Amino acid sequence: KDVIIRRGSFKLSYYNEYKSYLRWLYRMSVLRNILRPLCRRALLTPAQSLRFKTEEANDFFKDHPVKDVIIRREEDVAEIKPTDYPDPEKLRTFGQYVAAILPKYVQDVKMTHTNELEILIHPSGVVPVMGMLRDHTNAQFKALMELTAVDVPSRQYRFELVYCLLSHAYNARCIVKTYTDELTPVDSVTALFKSADWAEREVWDMYGVYFAGHPDLRRILTDYGFEGHPQRKDFPLTGFTEVRYDNSLGRVVYEPVEVAQEFRRFELDMPWELFPNYRETPAHLLEAQETAEEVKPEK
C-alpha cells in the first residue's frame, strides 16, 4: 500500500516541500479529478510515502502509466508456519551416526527435553569428538558457548564436565558430557575453541579439574594463594581464611576464619535464633514437646 513517486531526476528531500508540491498539483484544474484521491491521503501521511487504497491506485496507473513509480503492496501478510528448529529426528539420526563412526569414545547418545542432542563420551575422546563436531559438514558446531562442571561426591568420578556447543549453520545445539576425578587430567580444547581458555581456567579454579595442554592454566576468580576450590561440595561455606585490612601493618592480611557466634538453629514455632549453650529452651516449646510425646497416634 506504499507508493513512492519520482519523476526523472526530481527528488524531494524535505517533507514540507513535498506537501507544497502536492498542493500545487491539487490546485491544477486539469489534474484535479485525477489526483484527488491520491493527494487527500498523501497530505495526511507522516512519512515520505503515499498510502492509499490499492484499488484506486490500480485504476489511476492504468489510465496514467508512469515508468518511475514504485508500488509496494502489503495486502497479503506472509504466513509464518510453525517449524521446529532444529528437527529432533535429524539430530537423533546424527547422534546415532556419531556413535557409529566413533564407537571407541561415544558411550551414549540421547535427546534432552529441550530437543538438544546430548553425547556422553569417554574422557580420552574429548579432543577427537569435539574436533569431529566442529569440522564435520553436517554438524559445524563451531562455537563453544559454555563449559562447566558438576560435582557429585558419591560417584567414583565425582566431576561431570559439560560442553555446550552451537551450530550457526544449522541453528542447532549439542551438549557433550564426560567425567573425571580429582587426579585424572582432561585434555584441553583450547586448540579447537578459543573460548575454552577462560572457561577451563574457571573450572580449574572452582572445581580443581586439571586440563592437560592448557597454555595458561591458573586461577581466574579467586585471589592469589587461595587454597581449595569453592564449588566443591566438601568445601565449607565459611571457607578457610578471611581477609581484612590491618592499619598497623598497612596492608591486607589473611587470617583463619573465626565464627563470632554459633550457627543459628531455626525452630518451627520460634523464627528467631536459639543458642542452646547459653539459653534455656522456652517453656512453650517444652510443653509442646511433652504433649506430642504423650499423644501418639494409634497404629
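Which residue of strand 8 does Leu-161 stand opposite?

**View 1. The antiparallel pairing of strand 7 and strand 8 in a predicted model.** Leu-161 stands opposite Thr-178 in strand 8. Strand 7 (residues 159-167) and strand 8 (residues 172-180) pair in the antiparallel sense over nine bridges, where pairing requires that DSSP find at least two bridges between two strands. Strands (E, at least two residues) and helices (H or I, at least four) are DSSP runs, numbered from the N terminus.

**View 2. The open sheet of five strands.** The strands follow the order 4-5-8-7-6, with mixed pairing. Because strand 4 (106-111) and strand 6 (143-151) each have a single partner strand, they stand at the edges, and one side of each is left without a neighbour in the sheet. From one strand to the next the twist averages 20°, the angles running from 0 to 180 degrees between N-to-C directions of axes that are lines fitted to C-alpha atoms, for helices over the stretch in contact (heavy atoms within 4.5 Å).

**View 3. Helix 6 on the sheet strands.** Helix 6 (residues 196-207) lies across strand 6 and strand 7, and runs at about 10° to strand 6.

**View 4. The protein as the setting of these close-ups.** Its secondary structure comes to seven helices and 12 strands. Of the 299 residues, 33% count as buried (under 20% relative accessible area, 1.4 Å probe, protein chains only).

Residues are numbered from 1 along each chain as its sequence is written, and side-chain values use heavy atoms, with hydrogens and water left out. In this predicted model local features need pLDDT of at least 70 and side-chain atom pairs count only at pLDDT 80 or more, whereas totals for chains, interfaces and linings use all residues.

Terms used. Buried < 20%, exposed > 50% of the residue type's maximum accessible area, 1.4 Å probe, protein only.
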